[in-house]
Amino acid sequence: MAVSNDDLMEELAELAFQFRQNTHVWKRAEKVAEHFDVSLGTVKSWKRQGLITGYKHDKVVIYDIKAIERELFQVTK
């Protein structure tokens, strides 16, 4: 069975997409607000409502931007 260059490129693109989806980008609440262009109060409200999860790192709470995109905005390909 012969595999075309287009088939290989399509498979590589899919693998690259999956790899990008599995990475984490950690930011503090202030940076999350900047990233999504919302207020800090909105980020805190999302957390209180259980829409996003904060993780304690030393004395700082950090958030996974990629997880927030998946959970809040249902990012699909």
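**Exercise 1.** Find what Val-32 is in contact with, leaving aside its neighbours within four places in sequence.

*Solution.* Start with the cut-off: contact means heavy atoms within 4.5 Å. Now go through the partners of Val-32: they are Lys-27, Val-43, Tyr-63, Ile-65 and Ile-68.

A quick note before going on: this is a predicted model, where local features need pLDDT of at least 70, side-chain atom pairs count only at pLDDT 80 or more, and totals for chains, interfaces and linings use all residues. Residues are numbered from 1 along each chain as its sequence is written, and side-chain values use heavy atoms, with hydrogens and water left out.

**Exercise 2.** Work out which residues form the largest nonpolar core, and which helix gives the most to it.

*Solution.* A nonpolar core is a set of buried (under 20% relative accessible area, 1.4 Å probe, protein chains only) Ala, Val, Leu, Ile, Met, Phe, Trp, Tyr and Cys residues joined through side-chain atoms within 4.5 Å. The largest one has 10 residues: Ala-29, Val-32, Ala-33, Phe-36, Val-43, Trp-46, Ile-52, Tyr-63, Ile-65 and Ile-68. Next, sort by helix (a DSSP run of H or I, at least four residues, numbered from the N terminus). At least two core residues come from each of α2 (29–36), α3 (40–48) and α4 (65–73). The top contributor is α2, with 4 residues.

**Exercise 3.** Place Gly-54 and say how exposed it is.

*Solution.* Gly-54 sits in strand β2 (residues 54–57), a strand being a DSSP run of E, at least two residues. Its relative accessible area is 25%, so Gly-54 counts as partly exposed, the class between buried and exposed (over 50%). Beyond residues up to four places away in sequence, Gly-54 touches Lys-47, Val-61, Ile-62 and Tyr-63.
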